[in-house]
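Please open the structure in your viewer and keep the selection tool at hand. The stops below are meant to be taken in order.

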Amino acid sequence: MADGGAGWLPAHLRAKVEERAKLEADAALGDTDAAARLKSIADLAARRLAADARLVVQARQDPNVYVAACGRIEGGRWVGKQAGAHAMWQRHLTVSGETAAQSIGAVLVAIGHAKSTQITRWRLEWEVGKNPNLRTAILSATTGLPEKVLAGIKGDIESNPWTQAVFPHLRPGSRPGQRKWDETSIHVEREDNLPDPTLQVYGLTSKVLGARIDLLMIDDLLNIENTLTQYMRQRVWDKVRAEYLSRRPPHTRSRVWLTGHVWTEDDAVAEICKLPGARVLRQGARVQRTRDGKIITSADPAWDDALGWSPLIPELWT
């Protein structure tokens, strides 16, 4: 039996196509029930298309909507709706970027709360979609995490239907000198003629070329090895300051975003948070309401172990 051109579809979608074709045939023969059913399917499809169109428009303006539409959290579960803490992180980064020409926004949260997924991948991707001329970089202790994030971003640009709907212009670069598309750097299609990649990834041992960086994403910079002694902590801070923070363009807007947590009072994360104009959001893994009604996390000095508490992000930990 002919498949009506739908043979390439998965079985469950092919069944839907075949059902609709049968309804159309029955309706054409005067079956009123089939005609009513066909109209209800058409109405539902129209409402879904309208809702999707509104979502696309909203996702272009709001990174929280973009993550909810396009992203997933750890464990492969669809976000559907942003967790309250995740939405707070995104707003914090937006506000921090509006406060100074060379701004610093830090989100300090314990491991396992999807910081890299939310910020290093999805927010960075949204920023590039909004402005393909951006020159961005991800810095971590090693290149392992940034390369994994970059692979996800490349996959979204190439094959995520929602990413393509929200940012249809976001695709691999094709101009001479702007065609990098590998494990460590990419170009996307853009308007300028600068050779600097759209996104590069670095570890602390990477050699940094003479590129400018409009948006530097620092994610999980510290580990046991590079914080064990004061000498190692100082070396990390010196490298970050001399080789990465110095890459920000001096006369145009630039941003530094930082995720992770402070290991000691003199490590590189702590030093970045002390820089002029840095806006720091520090959250613990637990949330409670104090006796006077204030909502705090376990990072707050007012935390009371005698009171009840809930996970910061129940969607991940319940």
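What follows is a tour of a predicted model, with a selection to make at each stop.

Begin with the nonpolar interior by selecting Tyr-66, Trp-89, Ile-119, Ile-138, Val-166 and Leu-199, which touch the most other members of the largest nonpolar core, a set of 36 residues. To see where this core draws its residues from, colour helices H2 (32-61), H3 (63-70), H4 (84-96), H5 (115-130) and H6, together with strands E1 (102-109), E4 (199-203) and E5 (215-219), since these are the elements that give two or more residues to it. A second, separate core holds 24 residues, among them Val-208, Leu-216, Leu-221 and Val-269.

Return to Trp-89 and display its surroundings: beyond its neighbours within four places in sequence, Trp-89 is in contact with residues including Val-107, Val-109, His-113, Ile-119, Leu-281 and Ile-313.

Next, select Glu-158, which lies in helix H6 (residues 144-159) and is partly exposed, with a relative accessible area of 45%. Once neighbours within four places in sequence are set aside, Glu-158 is in contact with Gln-164 and Trp-181. A distance label between the C-alpha atoms of Glu-158 and Arg-171 should read 6.9 Å, although the two residues are 13 apart along the chain.

Finish at the open sheet, where 3 strands are arranged in the order E9-E8-E10 with antiparallel pairing. Strands E9 (295-297) and E10 (310-311) stand at the edges with a single partner strand each, so one side of each is left without a neighbour in the sheet. Strand E8 (residues 286-289) is joined to E9 by 3 bridges, and Val-287 stands opposite Thr-297 in E9.

Technical notes
Residues are numbered from 1 along each chain as its sequence is written. This is a predicted model: local features need pLDDT of at least 70, side-chain atom pairs count only at pLDDT 80 or more; totals for chains, interfaces and linings use all residues. Side-chain values use heavy atoms; hydrogens and water are left out. Two strands pair if DSSP finds at least two bridges between them. Helices (H or I, at least four residues) and strands (E, at least two) are DSSP runs, numbered from the N terminus. Buried means under 20% relative accessible area, exposed over 50%, partly exposed in between (1.4 Å probe, protein chains only). Contact means heavy atoms within 4.5 Å. A nonpolar core is a set of buried Ala, Val, Leu, Ile, Met, Phe, Trp, Tyr and Cys residues joined through side-chain atoms within 4.5 Å.
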